[in-house]
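User: I would like a close look at a single part of this structure, followed outward to the other local features that can be described. Please keep the account formal and connected.

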Amino acid sequence: MLSKILIIAKRKELPVKYQKALNDFETSTLIVRSLNRAINEIQYSEPDLIIISDSINIPIANFCRQIRALTYNSRPIIVVLSKSADINDKIEILDSGADDFWSEPVDIEEFKTRIKAHLRREIESNLDNKTLLPNSKIVRKSLKRVINSPGNAILFMGLNNIDEYRSVYSDIAGDKLIQAFTAIVKSAIETNDFLGQIDDSNFVLVTSPYRAEKIAEYLTFAFDTIIPKFYNDNDSKRGYMLIKGERMAGMRVNFVSVHIGGIVDGYDMIKTPEALLDRLMYLQKVSKTSAGSNYIIDRVKLSGQRNNMASINNKSVYINEPDNALGLLLRTTLELQGYDVIDVINLDESVQPAIIILDSGSLDRKSGSAGMPRPISY
């Protein structure tokens, strides 16, 4: 996730100079010249660092207090730039909530170095000790920005039965397993992806909507491939763990597995990070219905009203299945993958599906027709 920096200044040239200097490293920098807009932007995007120039209309000390009152949860870094070099001005502004005070003119190289140091300290103070991933505070801030910027995919990844594994094999072994999972995830993501940790066993990944499903598929496969190495021979042969201790001694517990719930660019009606997490956790719970690691991706259906690629990419599937229960299972599975399922009752001859699924007992009567796709039997 790019660091978000907000520059509040009424001057024209100097803020642009600062903005260009910050583009040398990974930041998203915005200049605002209106105090009302600045307040809205602070609440809307929760910037990591705010640079305030003394060119604004109100005393900077008062404005710093106002910002601190508005951002008690996120607490951004506040840097004040002023033409004053008076020690009393510095003390008043720092006491009002600013983290740093620089007298202008500022050497541009020193400016970049000091800003980078502030951001580095902010990031390092919000990393998990074991995985060195951004913690829940940074995850929440990242999700808030994702909600306001559609076009991403979010994966909620949880390790199931990790507490039981710790009780059998020790906390140290549990930490190593979590670190192994983190290494697998890092090997699958790109530089622009964001990976954060909500708690000991739950993680959030923000990535490209085109790569989300491939990443989820890889993570579930790779984790199930390496997990046997974390068990002793007896447990590996049995296929489950036996809990130790007085209360649940001898209780059988399945091996640790990873379950993933994901949303691909379908969160435009979700307004808060908490609501987004609730939706992701629900999808993750649904993925636990099968044994072993699994994932479920909630993908927006393609249509002419929402996506002009619908006419190019045919996502229609025709199902002719006399068994209602099996037909429902096929429909649900395909719709989760983003396909438009057509039932035999609703068949429109003007629509040519990309795939036809027929019950194998009906092949002699449903042999297809010229120009139609080749049927898939099962």
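Analyst: Leaving out residues up to four places away in sequence, D54 touches R11, I60, L81, S82, K83 and S84. In this predicted model, D54 sits in the loop that runs between strand β3 (49–53) and helix α3 (60–70). With a relative accessible area of 28%, D54 is partly exposed, because that value lies between the 20% limit for buried and the 50% limit for exposed. One of the residues that D54 touches, K83, also offers its backbone: the backbone nitrogen of K83 lies 2.9 Å from a polar atom of the D54 side chain. A further spatial relation concerns I8, which is 46 residues from D54 in sequence, while the C-alpha atoms of the two are 9.1 Å apart.

The wider chain gives the setting for this loop. The protein chain has 378 residues, of which 44% count as buried, and its secondary structure comes to 12 helices and 16 strands. Among contacts between residues at least 6 apart in sequence, 66% join residues at least 24 apart.

A second aspartate, D193, can be described in a similar way. D193 is found in the loop between α8 and β7 (194–197). Its relative accessibility is 11%, so D193 counts as buried. The side chain of D193 makes a polar contact with the side chain of T207 at 3.0 Å, and another with the side chain of R211, also at 3.0 Å.

The account now turns to the region that leads into α8. N161 is placed in the loop between β6 (153–160) and α7, and it has a phi near 70°, a positive value in a residue other than glycine. Most residues other than glycine have a negative phi. N161 counts as buried because its relative accessibility is 15%. The next residue to consider is I162, found in helix α7. At 3% relative accessibility, I162 counts as buried. Leaving aside neighbours within four places in sequence, I162 is in contact with G174, L177, I178, S201 and V256. The C-alpha atoms of I162 and V258 are separated by 9.7 Å, although their positions lie 96 residues apart along the chain in the sense of sequence separation.

I162 also takes part in the packing of two helices. Helix α7 (residues 162–169) and helix α8 (residues 171–188) have axes that come within 7 Å and cross at roughly 135°. The two helices are therefore oblique to each other. On the α7 side the contact is made by I162, Y165, R166 and Y169, and on the α8 side by D171, A173, G174, D175, L177 and I178. By class, this contact has six nonpolar, one polar and three charged residues. In the loop between α7 and α8 lies S170, whose phi is near 95°, again a positive value in a residue other than glycine. S170 is partly exposed, with a relative accessible area of 34%.

Two further helix pairs can be set beside this one. The axes of helix α1 (residues 13–22) and helix α5 (residues 108–124) come within 10 Å and cross at roughly 60°. That angle makes α1 oblique to α5. The crossing of α1 and α5 is right-handed. Residues K17, Y18, A21 and L22 of α1 meet I108, F111, K112 and I115 of α5, and the contact has six nonpolar, no polar and two charged residues by class. Ahead of α5, in the loop that joins β5 (100–103) to this helix, lies P105. The peptide bond from E104 to P105 is cis, with omega near 5°. Most peptide bonds are trans.

The remaining pair is formed by helix α6 (residues 136–147) and helix α11 (residues 273–287), which pack at an angle of about 95° with their axes 9 Å apart. These helices are therefore roughly perpendicular to each other. The contact is made by R140, L143, K144 and I147 of α6 together with P273, E274, L276 and L277 of α11. By class, the contact of α6 with α11 has five nonpolar, no polar and three charged residues.

Terms used:
Residues are numbered from 1 along each chain as its sequence is written. This is a predicted model: local features need pLDDT of at least 70, side-chain atom pairs count only at pLDDT 80 or more; totals for chains, interfaces and linings use all residues. Side-chain values use heavy atoms; hydrogens and water are left out. Axes are lines fitted to C-alpha atoms, for helices over the stretch in contact, and angles run from 0 to 180 degrees between N-to-C directions. Helices (H or I, at least four residues) and strands (E, at least two) are DSSP runs, numbered from the N terminus. Angles under 35 degrees count as roughly parallel, over 145 as roughly antiparallel, 65 to 115 as roughly perpendicular and the rest as oblique. A crossing is left-handed if the near helix is turned anticlockwise from the far one by less than a right angle, and right-handed if clockwise. Contact means heavy atoms within 4.5 Å. Ala, Val, Leu, Ile, Met, Phe, Trp, Tyr, Cys and Pro count as nonpolar, Asp, Glu, Lys and Arg as charged, and the others, Gly among them, as polar. Buried means under 20% relative accessible area, exposed over 50%, partly exposed in between (1.4 Å probe, protein chains only). A polar contact is a pair of N or O atoms within 3.5 Å; within protein, one must be able to donate a hydrogen and the other to accept it, and residues adjacent in sequence count only if both atoms are side-chain atoms.
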